[in-house]
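Biologist: Could you take a close look at the sheet for me, and then walk me through whatever else stands out around it?

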Amino acid sequence: PMDPRLITVVAPAVAQAAMDSGVAKHPIKDMEKYKRDLSSRMGIDNSLMQQLSFRAKQNPKKVVFAEADNFKVLKAALLVKDEGIAKPILLGNKDNIMELIEEYQLDFNEDEILDTREAMTDKKRNEFGQQFFDMRSRRGMTLSEAKGRMRSRNYFASMMVKNGEADAMITGVTRKYSNCIKPSLQIIGKGKNV
């Protein structure tokens, strides 16, 4: 009852039920505006975050969560999924992820999980490895080493972003910064003038 985020979930649901049953005396025409008004009444008027959230909901992007076999990461992925901010792709050990999903009764489908070690991803891993080799071969990378790097979730997720199979990736909860940023810099690179 003390969670301030609930006012934008429970009150609109009650209002919608009242309108659906015909009890509401003043039907709400714009439910999203009503939710924003409720947030501002509670002092949750961080307008930048609200604007970003609103824009993200207009066109949810595919986001790879590279450490999805971690409960905190799964909770974050579920939050963005439930709020309609993004479409999560859970990358990690499928058995461990499924175990966490079942244990905590999280609302994910098996088709949202991608395990880089499974046979079905072998073809994709080889394809990504070949691309990585083509990008890095003049810097001393062998084909076998490039394909081996695709077993790492950070390399695989970076390649998904590079190839447009995902729009963004989130990593760094359980690994060192240098291990997380290096694959992104090698595969995606930096922006111009950065």
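Modeller: Sure. One bit of vocabulary before we start: two strands count as paired if DSSP finds at least two bridges between them. Keep in mind that this is a predicted model.

With that in hand, the sheet is an open one of four strands, in the order β3-β2-β1-β4, and the pairing is parallel. The edges belong to β3 (113-114) and β4 (168-170); each has a single partner strand, so one side of each is left without a neighbour in the sheet. Now zoom in on the β1 end of things. Strand β1 covers residues 61-65 and runs parallel to β4, with three bridges joining the two. One residue pair to click on there is Phe 65, whose bridge partner in β4 is Ile 170.

Moving on to the helices, have a look at α6 (residues 122-136) and α8 (residues 153-162). Their axes are 10 Å apart and they pack at an angle of about 80°, which is within the 65 to 115 degree range, so α6 and α8 are roughly perpendicular to each other. From α6, the contact uses Lys 124, Arg 125, Phe 128, Gln 131, Phe 132 and Met 135, and these meet Tyr 155, Phe 156, Met 159, Met 160 and Lys 162 of α8. Sorted by class, that α6 and α8 contact comes to seven nonpolar residues, one polar and three charged.

Last, the rings. Searching the whole structure turns up three aromatic pairs. There's also a charge over a ring: the charged end of Arg 36 sits over Phe 54, 4.7 Å from the ring's centre.

Terms used. Residues numbered from 1 in each chain as written. Predicted model: local features only at pLDDT ≥ 70, side-chain atom pairs only at ≥ 80, totals over all residues. Heavy atoms only, no water. Phe/Tyr/Trp six-rings, centres within 6.5 Å; stacked < 30°, edge-to-face > 60°. Lys NZ or Arg CZ within 6 Å of the ring centre and 35° of its normal. Axes fitted to C-alpha atoms, helices over the stretch in contact; angles between N-to-C directions. Parallel < 35°, antiparallel > 145°, perpendicular 65-115°, else oblique. Contact = heavy atoms within 4.5 Å. Nonpolar A, V, L, I, M, F, W, Y, C, P; charged D, E, K, R; others polar.
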